[in-house]
Amino acid sequence: MSGFRAILATDEALGIGKANDIPWHLPGDMAFFREHTTGSGRNAVIMGRKTYLAIPPRYRPLPDRLNVVLSRQEGAQFAGARTMSGLETSIDTLNADDAIDDVWVAGGAGIYDAAFLLPGCREVLWTEVCGDFGCDVRVLEFRDRFELIRTSEPQEENGITYRFHVLRPKKSV
């Protein structure tokens, strides 16, 4: 298994979505996501089918990145995206591609939950959105597997406070 990074935003209850949408509107967080996952334009972003379809059509596929959609459905196709079936296999395949600099995992919940358990997760960029937004989709607790490296100063937009965190896997003793 080769390395990858994960990027996500959660509320304080580890919620990531509500009614197939993101329950907060934070342009600064979207810019953070775009900046990191785009890089030099040679990055891949892995996401599940529901996550990909939740992106408004005018923003699909995410520009300047290889969009990879995970689907168990044989023959599934998504406009502007490459379809693959397994998380570990897709990470290995993308890391073996000399045209790809960085591989990012970008959701949804089940994919994050699996990714956080993989030994190749080198870094997690986590936006912590203050408050509980009553999300109906949550990730499992992941913070206990990682150490906090850096936290930004609080940001505020649209009356919502949030912080950016960088986490790395805890070192085994």
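Biologist: Against which strands do the buried residues of helix 1 pack?

Modeller: In this predicted model, the buried residues of helix 1 pack against strand 1, strand 3, strand 6 (102-105), strand 7 (121-129), strand 10 (155-157) and strand 11 (160-169). The residues concerned are Asp29, Phe32, Phe33, Thr37 and Thr38.

Biologist: How many Å should helix 1 span, and what follows helix 1?

Modeller: The span is judged at 1.5 Å a residue, so the 12 residues of helix 1 should cover 16 Å; the C-alpha atoms at its ends are 16 Å apart, in agreement. After helix 1 comes Gly39, with a positive phi near 55°.

Biologist: How is empty space found, and where does the largest pocket have its centre?

Modeller: A probe the size of a water molecule, rolled over the atoms, shows where space is left empty. Here the largest pocket holds about 1600 Å³. Its lining has 49 residues, and those nearest its centre are Ile22, Thr51, Ala54, Ile55 and Ala106.

Biologist: Which element gives the most to that lining, and which classes of residue are found there?

Modeller: Helix 1 gives the most, with seven residues. By class, the lining of the largest pocket comprises 27 nonpolar, 13 polar and nine charged residues.

Biologist: How many helices and strands does the whole chain have, and why is it called as compact as a globular protein of its length?

Modeller: The protein chain has four helices and 11 strands. Its radius of gyration is 15 Å, close to the 16 Å given by the globule rule for 173 residues, and therefore the chain is as compact as a globular protein of that length. Of these 173 residues, 43% count as buried.

Note on methods
Residues numbered from 1 in each chain as written. Predicted model: local features only at pLDDT ≥ 70, side-chain atom pairs only at ≥ 80, totals over all residues. Heavy atoms only, no water. 1 Å grid on protein atoms, 1.4 Å probe; cavity = no way out; pocket = protein on both sides within 12 Å on 5 of 7 lines; lining within 4 Å. Points joined across faces, edges and corners; volume = space filled by probe spheres on them. Helix = DSSP H or I, 4+ residues; strand = E, 2+ residues; numbered from the N terminus. Nonpolar A, V, L, I, M, F, W, Y, C, P; charged D, E, K, R; others polar. Expected span 1.5 Å × (residues − 1). Buried < 20%, exposed > 50% of the residue type's maximum accessible area, 1.4 Å probe, protein only. Contact = heavy atoms within 4.5 Å. Rg over C-alpha atoms; globule rule 2.2 N^0.38 Å.
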